[in-house]
Amino acid sequence: MKITLTQDPSFPETEVIIRCPQADEEILRLVAMLRIHQRKLVGTLDGERHLLDVRDVLYADTADKRTFLYTQEAVYTSALRLHELEDGLRDLDFLRASRAALINFRRVRAIRPELGGRLLVTMDNGERVCVSRQYAGDIREKLRAVERSLGK
């Protein structure tokens, strides 16, 4: 892969151009990572690629080596891996819920403790996501931070 960076103060805005013989999985992942910086995610549904506002994504999970983005309306596939989504969305309150799931904390309606130190998180749309014991502490800490900010 050849990468070229051209800096010119006369350019009115930054433009990224990718020229390739065919958009393979690596190229699609690169485009998806760039979109995160615009607060957009690329999701595929019924063969069409959609630009999704990050705020509309309730949670993401993986199954069979594929990543899925869940919104109120539909379930999209993503070219990004879960850890790539986590890295790009951390500052937008997306938190790891398990090895296979990432939740949008801003879309959480309720949190309930479960046996074994786990949590059960209910999202805006009523869907429930289990939070493993390994990541429950991060969710609890985020909840405490919200409570502290409200108390000020």
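How many residues lie between β6 and β7 in their hairpin? There are two residues between these strands. Before we go on: this is a predicted model, where local features need pLDDT of at least 70, side-chain atom pairs count only at pLDDT 80 or more, and totals for chains, interfaces and linings use all residues. Numbering starts from 1 along each chain as its sequence is written, and side-chain values use heavy atoms, with hydrogens and water left out.

A quick word on terms: strands are DSSP runs of E with at least two residues, numbered from the N terminus, and two of them pair if DSSP finds at least two bridges between them.

Back to the hairpin. β6 and β7 pair in the antiparallel sense, with Leu95 standing opposite Ile103 in β7. Five of the five residues of β6 are buried, so this strand is largely enclosed by the rest of the structure. Buried means under 20% relative accessible area, exposed over 50%, and partly exposed in between (1.4 Å probe, protein chains only).

Now for the open sheet, an antiparallel one in the order β8-β9-β10. Its edge strands are β8 and β10 (128–131), each pairing on one side only. In the β8 and β9 pair, Val108 stands opposite Met123 in β9.

Here are two antiparallel pairs side by side:

| Pair | Residues of second strand | Bridges |
|---|---|---|
| β6 and β7 | 101–104 | four bridges |
| β8 and β9 | 119–123 | five bridges |

What about the cysteines? Cys20 is partly exposed at 34% relative accessible area, while Cys130 is exposed at 54%. Counting pairs of cysteine sulfur atoms within 2.5 Å as disulfides, the total is zero.
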